[in-house]
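Please open the model in a viewer and keep the sequence panel visible. The stops below are given in the order in which they may be selected.

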Amino acid sequence: MFRTALRNVLAHKARLLMTVLAVMLGVAFVSGTLVYTDTLSTAFRNSSQKSYDDIDVALNPQASDTVPGVQPENPRLDAKLLDTVRRAPGAAFATGIVNGPTGIADKSGKLIGQGGSGSNYFPGKDGKDARYPMKEGAAPTRGDQFALDQDTAEKGGYHVGDTVRMSVDGPVREQKLTGIFTTGGGQGMSGGSLALFDTKTAQKLLGVPGGFSEIDVKAAPGTSQAALKQSVGKALPRDSGTLTTGKELADDQAEGNKTSMDTMRTALLAFAGVSLFVGIFIIANTFTMLISQRTKELALLRAVGASRRQVTRSVLLEALVVGTIAGASGMVAGIGIGAVLRTLGGNDGAALPDGPLQVTATTVLVSLGVGIAVTVLSAWLPGRRAAKIPPVAAMNSVHAAATTKSLVVRNTIGALFAGAGTAAVLVAISLDDGKNTSRYMMGLGGMLLLVGVFVLTPLLSRPLIALGGPVLRGFGISGLLARQNALRNPRRTAATASALMIGLTLITGMTVIAKGVETGINNVAASSLKADYSIAMSSEGQPLPSTAEKQVKGAAGVSAVSPMRKDMVRVGAGAGAGSKGASMVVGVDGKTFGSLGNLDFTKGSLGSLHGDRVVVDSGTARDHGLKTGSRFPVTFPDGKKADLTVSGVYNGNQMFDGIILDKDTLASHQKRTTTQQLLVSMDGGATDAHKNELVKALGKNPALTVSDKQDIADAVSKLFTILLNMLYGLLGMAVVVAVLGVVNTLAMSVFERSQEIGMLRAIGLDRLGIKRMVRLESLIISLFGGVLGIGLGVFLGWAVGKLIEGGLPTYELVLPWGELAVFLGLAGLVGVLAALWPALRAARLNMLEAIKAE
Amino acid sequence: MTAVRMATPQGSPRTVTRVDVPGRLLTHDGNVRFRFAAGALAGTVPGISTDRSSFPVTTTHSGVSRAQHATAVAARATDLSKVYGQGETQVVALDAVSVDFHQAQFTAIMGPSGSGKSTLMHCMAGLDSISGGSARIGDTELTGLKDKKLTQLRRDKIGFIFQAFNLLPTLTALENITLPMDIAGRKPDRAWLNQVVETVGLSGRLKHRPSQLSGGQQQRVAVARALASRPEIIFADEPTGNLDSRSGAEVLGFLRNSVRELGQTVVMVTHDPVAASYANRVVFLADGKIVDEMPDPTADLVLERMKGFDSKRRTS
């Protein structure tokens, strides 16, 4: 039996080629993902180990335990503490480290990369800092000097002796570049720039006056990390900070990397899954066609005594051979993809650590397993159908006329699925409780609907393709024949179109959702921002320089300024631990905020925001049962309690959220204030001149972004464009597989209809006419899949959007007509491309042989 | 052993097809068979002469018709050669064949298997390339014609009838009949079309698809297709090879009538002496050469002649 299977595979090499390619692409996606993430994981693990080589024990400021999850106030790791640590038994050397955001400008004044960090050069006993070997020049020793990492120096075109503009905590600085160093390992990993100052300057510029952000201790020879940790712990006064061994740090980081790698791997594998799923249709189609072409042969096997099971098994064996070949070649291709990705990733600014390519046994087994499993499972149904061929078919007709078995059962099942799916989606929308129930319901409904539409595609093919009739009539006889050929075997057409439909459904759905969210966010910016400008750091989340507010207030034409200072408090009387009750507070300027922000109040109003008067977003209000006029206790970061009074409840959004109170109220509980954002209005509104004025007032700080509403909209749309492009890239594979499916179907059809094509040629249809016939058929099938996919995608996009509306009330269904047209065009292009080779084959067919062949 | 080979795609499907067609015929009810027979009679029995008045050719006597057109040549082969392969494996299928096919004449090409009769037809019909000599359809020289011109020539001047019917399963009978004109983008001549359809007795079946027709009906559709575009010449390749004798007789009757009454030119390849007896003239081919010719053949005479080939073969 195995020999028969192998012979069959060899005999149908060409016809199985597309199947092999389709499975291969899917498997390559899987194995490429595995190889790439394994390689990155290993590289990250090695590099994080290396970066903690110098650290045996690290001392970090104690996390505040008064308000969980809140970063501690001003770190109190000072020189005295450093001295104590250094003298602890078993400590060989201790390094005081200062860290803070530092952005380097290139020669045109623009920020290099996404910003970066600054630190201090901490010379050891030999006068050098082992962590930062100087490649050129010398370490900084004076307040106006600094050293820069090699990558950033190259990007900015800087050499030793240049004067470089940079953004630190405070006004923009110009420092003299004295040295260029290489990063031994871990530091470069973050991908940002790294500037080094001498310790005193670093403390001043990075906002840690007289203190350190971290103290790293090196153990004396013979002292273990654990022993050192213990002895340092004993030497230190109580509550001076948290001690961690280097190994623990490395493990933590490795764990973090692993988590992010796993997330990435899961996401990539999901897209690989889509490609493989599309492949299933092609495999099933191929085997169905091969079996119908071989009806007589299979019937003969049955006639000479093969059992049904043996026939099925012979088909499955064929699938096994095909799957093994496809799995193995896909695995090899995937290793290649992994290697290419690693090289590309290395060049992409975000420097990834180097490491050898990792091909694990798991990768090999999974790739082969996936290839074989997908192929064999897809061939199972056709195999069972093959077993049902009666032995008498061996004596029967030439081609067992494609069984136009009634589609009634199929249509009923499809209608049930589609109906249930639509119902579930609609119920999910009406439920819309913002909880997971509606999400699961939506997911389930979407799946059911998709399956239902698959099952119904043969039924849908007739009316939908008929719609194209008038256009096709313009192509004369080729158009007529193409249309009838496309409708000839509805199951085959349906399976081919479905393969394309899946990719386009996902692409369209995601585009519709993304465009809706983008519009929603822009609506937020437009409706809730009265201010002309918003000023923030380019790298998200970093605090603005402490001088920024004063600088802005000094600019000409500024009418109102309010900072936004975010912090965490705990709401409620209880003093229990845990993160429950933690809530965000935003300190604003109570006098000006009313003219800068526009909150959507459900109850009460902004009133005059001062003292204990606050406004609360509806989510927080619901969680804690707050109403207008409620008085409620909160615990501030400094551990002090205070009662606040609600003067209004508003709907929170991406711009404003949490408990909003006057900055002075908040400042009284903060040792040090950090501002994340400044809202600015100017006399005469947003103009280019005004913007320049602000930029100038801020000292042309490269790390700051001054945005008006249009800039915010642009930034949002840029973000979504990047996101969508990534999704398109990942889903592109599924479309490529679908193209193979169309090629496959056409090639098979051309083969099956060679006699007809020969006859058409004989009675006078020229080569162009034959080509046109095949091309039009391909176009019809592809556009059919495209229309279905786009339609389904829009529906699902609309439905998911309804759920998103719960969290983003300004969400707006936007039908991106331009994009939809492009997708439909893409489907058409798929059809044209897929037909290239089959059409050529059909046109070159030898007429005489084709007519004689039966 | 033979059974196994039959089942492989390379096996002989022809055997199977022949088994199949009568099988399909058997499924038809008596009514259909009766209509069928009546249709056959319409073509062969002179009693149907009421229709004849509308046919363009008025004379009904075959001898007169032939005499009128004897001078006009519809197709001509001059020293036509066809060679397959090269060197050691070279096979000469046609060896300098010269033959004329006269207008309004029904010519049968006969010969044993491998004599080159099909090759001759294929070359004359512009389906296959020519190795040497010349082939003409009317005034058009086929040698040297590019594929496009050749396709146009087939479309506009030649009609085909194949052994395996070769209808498009997706088209109705009527659509199959008008296919050559649809390809050419010409409107069919309605009156003529109706006449052809009526003559071959398909009036009630025009909306049927080939799969709903019997083998004989399918071949009648093919005959109608060949006639409908009024080609200068019709080539028929074993048109009765897949039919039972009654259906075969019908089809041959149509072909003979189209020659007699419509002045159509028909060239038919066959190995069946009975089929050949419907022709005005039989050309015998053996080993790629024309070895004999017989005017006004009868089945017995042709059979005798063919037996001669066989015995000659056996002795040589």
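Select L59(A) and L243(A): L243(A), in β14(A), is the bridge partner of L59(A). The model is a predicted one, in which local features need pLDDT of at least 70, side-chain atom pairs count only at pLDDT 80 or more, and totals for chains, interfaces and linings use all residues. Residues are numbered from 1 along each chain as its sequence is written, while chains are lettered from A and ligands numbered from 1 in the order in which they are written.

Extend the selection to strand β1 of chain A, residues 57-60, which pairs with β14(A) in the antiparallel sense over four bridges. Strands (E, at least two residues) and helices (H or I, at least four) are DSSP runs numbered from the N terminus, and two strands pair if DSSP finds at least two bridges between them.

Now show the whole sheet. It is open and antiparallel, with four strands of chain A in the order β3-β13-β1-β14. At the edges stand β3 (91-97) and β14 (242-245) of chain A; each has a single partner strand, so one side of each is left without a neighbour in the sheet. On average, neighbouring strands of this sheet are turned by 20° against each other, direction ignored.

Add helix α6 of chain A, residues 225-235, which lies across β1, β3, β13 (214-219) and β14 of chain A and runs at about 165° to β14(A). Angles run from 0 to 180 degrees between N-to-C directions, and axes are lines fitted to C-alpha atoms, for helices over the stretch in contact. Helix α7 (246-293) of chain A also packs on the sheet, where it touches β1 and β14 of chain A, and its direction makes about 80° with that of β14(A). Contact here requires C-beta atoms, placed from the backbone, within 7 Å.

**Annotated spans of chain A**

An unreviewed UniProt entry places the feature "transmembrane region" at several spans of chain A, including 267-292, 726-751 and 820-840. UniProt positions are given in the numbering used here, feature names are shortened, and annotations may be inferred rather than shown by experiment. Select residues 726-751 of chain A: the span is 100% helix and 0% strand, with its end C-alpha atoms 38 Å apart. Residues 820-840 of chain A are likewise 100% helix and 0% strand, and their end C-alpha atoms lie 31 Å apart.

**A loop residue**

Move to K627(A), in the loop between α18 (618-624) and β20 (631-635) of chain A. Is K627(A) buried or exposed? K627(A) counts as exposed because it has 11 C-beta neighbours inside 10 Å; the cut-offs are 20 or more for buried, 12 or fewer for exposed, and partly exposed in between, with C-beta atoms placed from the backbone.

**Chain B**

Select β9 (281-286) and β10 (289-295) of chain B, which pair in the antiparallel sense over six bridges. F284(B) has D292(B) as its bridge partner in β10(B). The two strands, β9(B) and β10(B), form a hairpin with two residues between them, and D287(B) in the turn has a positive phi of about 50°.

Finally, select helices α8 (190-199) and α9 (215-228) of chain B, which pack at an angle of about 150° with their axes 10 Å apart. The contact is made by L193(B), V196(B) and V197(B) of α8(B) and by A224(B), L227(B) and A228(B) of α9(B).

How values were computed. Contact = placed C-beta atoms within 7 Å.
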